[in-house]
Amino acid sequence: MLPRLSKATGWQLFVRATLARMYPRVIGANRERTWVFFEVLLPCLSLTAYVLVYRSLHAPPALVSFVVVGGAMGAFWANVMWAMANQLYWEKETGNLALYIIAPMSMMAVLLGMALGGMFNAATRALAIVVVGALLFDVRFSTAHLPMLVLTCVLTMTALYGMGMLFASLFLLFGRETWHLVNLAQEPVHLCAGMYFPVKSLGVWVAAAASVIPLTLGLDAIRQLTIADGPTLGLMAVPWELLGLGFLVAIFLSSARFMLRHMERLAIAEGRLTQSRS
Amino acid sequence: MQFAVETEHLGRVYRPKRASKDRGDAAVRVALDDVNLQLPRGELFGLLGPNGAGKTTLIKILTTLLSPSTGSARVAGYDVAREPERVRPRINMVSGGEASGYGLLTVRENLWMFGQFYGLSSADTNGRITELVDVVNMSDRLNTKSYELSTGLRQKMNIVRGYLSDPDVVFLDEPTLGLDVAASRDVRGFIRRWMDEDPGRTTVLTTHYMAEADDLCDRVAIINGGRLLACDSPSALKRRLRQDAIFEIETPPIDATMAGHVSLVAGVRKAAHRDGDGFATLELILEAEHVIGEVLACLQRQNVQLVKLTKREPTLEDVFVDLVGRRMAEVEGVAPSQ
């Protein structure tokens with residue numbers, strides 16, 4: 001006869017559940033090497049196109065660096081939309097969501113695990129893009145403001161993945177339309193966030209409106225901190241951008257927590273937690 | 001007495017999201033209606049019914065995935081709607097044909113991950129995985145990626161996942177759905193062994209396989225159209241028909257309406273028609289053995305040729321026919337698969 005097992009509760013359970021949900025992303029997603037082609041080499045093609053356009057127009061060399069940083073941050077944005085916002089819907093379709101709900105852990109642990117695992121994955125892809133971009137286009141980055149850069153990255157990622165956690169709950173209720181919603185969010189965000197050009201060139205008001213997306217402020221601040229001519233092309237001073245990112249962190253994380261609870265209550269009332277079996 | 005599972009006047013109604021005035025109440029679907037159950041600890045309880053009978057809805061409510069529209073349900077002593085956080089550490093669930101876990105992870109990694117969701121330590125989880133996969137004969141597949149598993153092996157992994165967390169109450173929703181005979185036998189053996197190991201463990205099993213319910217369950221509830229029609233041990237349910245005579249008549253292919261003709265014969269309690277490969281079978285529940293003479297005369301008048309006549313002991317299928325008036329496969333509109 002098998003002995004009864006002791007089970008962790010409270011924060012210990014939260015940590016175990018978070019690490020467990022991180023695991024498939026960190027280990028599983030890197031098990032198939034095809035990501036190198038799809039998530040590094042293919043994005044480098046569009047990056048190359050922008051660099052060639054800038055060079056043919058004899059644009060300032062700083063813009064080439066802007067493109068490389070934008071390409072790297074694009075890996076995070078794609079990850080947030082495809083692997084965070086979309087995820088709970090797909091977890092529902094595979095049957096995992098029902099198992100998550102009936103387990104004693106907090107669903108926030110699942111979302112946090114997804115986010116941390118996604119961040120790790122996207123970071124490897126972003127780093128690969130930066131290295132390939134730097135080698136191909138002879139781009140140099142400054143590390144003079146390293147502590148500030150780390151703080152900016154932490155705030156940007158927290159706000160970005162907080163937004164992904166919020167969308168995950170919202171998109172769960174939209175069902176199959178999520179795929180279209182995610183697709184719809186791609187190009188406009190690339191434009192509004194200034195993925196391949198200084199967001200300042202959109203004008204102050206458009207850029208300010210686009211700052212609702214954490215990518216906009218985060219990308220601008222990272223460019224100012226890593227590119228020699230970055231501050232001259234920046235939207236506003238970095239401390240103000242960090243303040244804005246801090247505000248977005250608070251908004252997105254608290255909204256994600258509220259929306260997750262609301263979604264769970266609604267889905268249990270309406271019977272929407274299990275896969276759409278015909 | 002504290003029951004492992006208890007429901008009182010439990011009901012669930014599905015309403016369309018945007019109810020149109022034209023459709024009115026017709027669009028409202030009653031999935032469960034006034035279900036009352038009491039399952040003592042240690043019982044292996046079966047819910048038997050065709051697809052759409054309400055079995056899965058009941059399981060969803062008991063596993064906190066769905067709120068009841070009326071009545072209440074308690075699992076392990078806690079109300080599923082008001083205290084789900086107390087119910088969840090004590091239960092687990094396995095559904096037939098589920099594709100849970102992540103394909104790129106190995107069997108061990110998937111199982112470890114689900115163990116962590118219940119707060120088990122890695123050492124306990126790994127020890128438990130090793131023991132349980134051995135019972136279902138898949139120790140050699142521990143390091144296989146789960147997308148490489150066959151349907152049967154995948155379901156065995158799901159079964160192990162369901163029992164890994166050492167639950168007090170396990171809900172198995174069609175656990176042998178789509179499995180071959182050998183895999184089904186392994187899964188049934190595993191369930192029986194798990195129950196035998198600890199008298200405090202409870203299993204609720206839904207199935208539409210009569211033989212599975214008969215073979216495994218201490219008690220069986222027959223459910224159809226959201227209503228509980230009968231609830232007793234398989235032998236007691238079959239005893240209800242002991243005074244009846246049960247015959248099977250095999251004929252060349254005949255029109256399904258023949259069962260209607262036969263049911264008009266005095267003394268025929270129920271008649272059901274089943275098509276086979278190049279033949280048809282009429283299943284008859286008669287009030288007395290001598291009624292078969294009248295039935296045969298009726299068939300002769302309809303020019304139906306007799307191929308084989310068999311008298312047999314009642315089965316749960318007969319109980320279902322007696323309660324519902326049709327065979328389960330007829331209710332589902334599909335041929336029986338096991």
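User: Helices (H or I, at least four residues) and strands (E, at least two) are DSSP runs, numbered from the N terminus. In what order do the elements of chain A run from the N terminus on?

Analyst: This is a predicted model in which local features need pLDDT of at least 70, side-chain atom pairs count only at pLDDT 80 or more, and totals for chains, interfaces and linings use all residues. Residues are numbered from 1 along each chain as its sequence is written, while chains are lettered from A and ligands numbered from 1 in the order in which they are written. Chain A has twelve helices and zero strands. From the N terminus, its elements run α-α-α-α-α-α-α-α-α-α-α-α.

User: What is the radius of gyration of chain A?

Analyst: The C-alpha atoms of chain A fill a box of roughly 75 × 40 × 40 Å along the principal axes. For 278 residues the globule rule (2.2 Å times the number of residues to the power 0.38, with the radius taken over C-alpha atoms) gives 19 Å. The value for chain A is close to this, so the chain is as compact as a globular protein of that length: its radius of gyration is 20 Å.

User: Which element gives the largest share of the side of chain A that touches chain B?

Analyst: In this pairing, 33 residues of chain A are in contact (C-beta atoms, placed from the backbone, within 7 Å) with 32 residues of chain B. The elements of chain A that give two or more residues to that side are α1 (10–26), α5 (96–102) and α12 (238–270). The largest share, eight residues, comes from α1(A).

Terms used:
Two residues are in contact if their C-beta atoms, placed from the backbone, lie within 7 Å.
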